[in-house]
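User: I would like to go through this model with you, beginning with helix packing. Could you take me through it?
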Amino acid sequence: MKSKLSILSLAIALPTCLFAQDSLQVMNNTQYPNTFSSGSADVQPFTNSAKRFNDWSISFGAGVPLIQTADLTSIKTNNRSGKDLFGYSAYVSVDKAITHAFGLKLQYDRGETRQGYFNTKDAAPANAAANMQVGARTQYDAISILGDINFSNLLRRVDNKSPFRWALHGYAGIGTLAYRAYLKDETGQRLMTEIKPFKFGSLFGQAGAGLKYKISNRLDLEGRVMYVVTTDDSFDGGGSQYSMINRRNSKTSDNFINTTLGLTVNLGKHESHLMWHDPLQEAYYKISVLESKVEDLVVCKNGDADNDGVCDDWDRQLDTPAGARVDGSGVALDVDLDGVIDLYDKCVTVPGSVENNGCPDQTQGQGAVAETETKLEGIEFDLNSDRILPSNTPILNNAVSYINSSDGSYTVVGATDTRGTEAYNKMLSERRANNVKNYLIQNGVQSGKLDAQGNGKTDLKYPECDPASKCPEWKNRANRRVYFKAK
């Protein structure tokens with residue numbers, strides 16, 4: 001019996017190391033996050049300042065204990081007098097909530113049970129000892145640790161939006177029990193058994209349930225029923241284990257039911273107690289608050305001046321001609337990169353001249369190109385990277401066709417934004433230029449037609465972006481580019 005109670009106490013105590021009160025507070029630092037947390041870099045150790053709810057309380061109450069399983073009981077069906085014998089009990093506890101669904105109690109109980117065939121305050125019948133029609137009472141004191149499970153929070157349904165004022169709790173725990181058991185017959189009343197506290201033989205367990213009603217944020221009313229296992233056959237006053245009275249029942253433990261009514265006072269500076277916190281109710285409340293504050297979403301606050309479908313807030317070309325197709329940044333598309341946007345290009349997929357509406361001239365392909373510089377507007381790079389992005393490959397493939405269609409040679413030029421040192425940016429721009437050059441050669445351009453150079457941060461498409469912090473990121477990204485020039 002006692003080994004089973006020890007295992008039960010371990011099972012009750014285990015959740016204390018698995019749960020903790022949640023915190024809304026975060027702090028910004030450069031430390032790595034705790035790998036056992038949510039993974040957020042904004043984490044704060046759990047401290048008193050991080051608490052959102054009160055988690056301490058004091059409970060007290062009084063009630064009636066009735067011995068239910070013993071040789072001498074309090075229930076009338078087990079004696080011939082036809083009377084139930086009521087005792088009294090009281091308790092006080094200090095309660096700590098670990099989570100909204102689990103807590104611990106350190107509880108002290110004091111009381112007196114009355115059992116047998118008559119109340120020890122009354123006179124004993126004749127031949128009470130011979131007929132074993134004795135009366136008994138037991139004064140007890142108990143200290144125990146109880147686990148507290150809030151079933152209402154633990155089993156609350158998602159669709160339950162009712163006011164949260166009732167809560168069903170379950171309790172179980174072990175402790176030490178001290179008692180003095182008295183027996184009365186026709187010869188008088190005498191002490192039969194005395195057990196001191198904090199001894200191995202005084203170990204006991206109890207379990208039960210309580211129904212709480214929330215009177216206010218500070219005060220709860222609770223009705224509780226506990227079943228107490230004394231682990232002792234002498235608790236009922238029957239004397240030693242093998243006495244005539246204790247041989248009437250084969251049970252080795254005298255157990256009783258303790259019904260109480262009590263109050264819980266919630267302590268702390270916060271508005272509500274953790275055990276009354278319903279996460280779903282909080283979610284419903286926050287949703288209702290958000291719903292009351294929802295306003296119509298304003299799209300394109302600054303408008304769309306050129307009516308190209310890209311808001312002016314992030315449009316890189318505010319004067320796009322009407323009817324032109326644009327990319328995600330509002331720039332008119334030029335698929336063949338010949339300087340004529342697709343809206344006006346008569347040969348959309350073949351590079352040509354501006355004078356010939358984007359179509360090749362008759363002399364094109366028979367000598368050096370007429371343009372002194374042709375830019376690959378779409379070849380941009382991520383910060384501190386020389387990797388060619390997948391979105392750039394269609395533009396580079398068009399560049400392969402363009403270069404192969406002429407007899408000229410070209411310089412592939414790499415550039416960066418203004419972040420970083422000059423030496424680093426010089427090296428980074430050279431890597432970008434060489435990567436583009438190698439891609440063009442691998443896809444059919446003769447190696448003799450190309451060379452590469454890196455201009456670092458001295459070759460800015462948007463010179464006003466120095467330093468980079470004064471420019472929007474799309475301009476910095478446009479500065480991180482590769483283009484090529486005809487020699």
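User: At what angle do the axes of helix H4 and helix H5 cross?
Analyst: In this predicted model, the axes of H4 (residues 393–404) and H5 (residues 422–442) cross at roughly 60 degrees and come within 10 Å. Axes are lines fitted to C-alpha atoms over the stretch in contact, with angles from 0 to 180 degrees between N-to-C directions. Helices are DSSP runs of H or I with at least four residues, numbered from the N terminus.
User: Which residues of H4 and H5 meet?
Analyst: Thr 393, Leu 396, Asn 397, Ala 399, Val 400 and Ile 403 in H4 meet Val 436, Tyr 439 and Leu 440 in H5, where contact means heavy atoms within 4.5 Å. By class, this contact has 7 nonpolar, 2 polar and no charged residues; Ala, Val, Leu, Ile, Met, Phe, Trp, Tyr, Cys and Pro count as nonpolar, Asp, Glu, Lys and Arg as charged, and the others, Gly among them, as polar.
User: And the chain as a whole, how much of it is buried?
Analyst: Of its 487 residues, 43% count as buried, meaning under 20% relative accessible area with a 1.4 Å probe, protein chains only. The chain has 6 helices and 12 strands, strands being DSSP runs of E with at least two residues.
User: Any conditions on these values?
Analyst: Local features need pLDDT of at least 70 and side-chain atom pairs pLDDT 80 or more, whereas totals for chains, interfaces and linings use all residues. Residues are numbered from 1 along each chain as its sequence is written, and side-chain values use heavy atoms, with hydrogens and water left out.
User: How are contacts distributed by separation?
Analyst: Residues 24 or more positions apart account for 65% of the chain's contacts with a separation of 6 or more.

Note on methods. Buried < 20%, exposed > 50% of the residue type's maximum accessible area, 1.4 Å probe, protein only.
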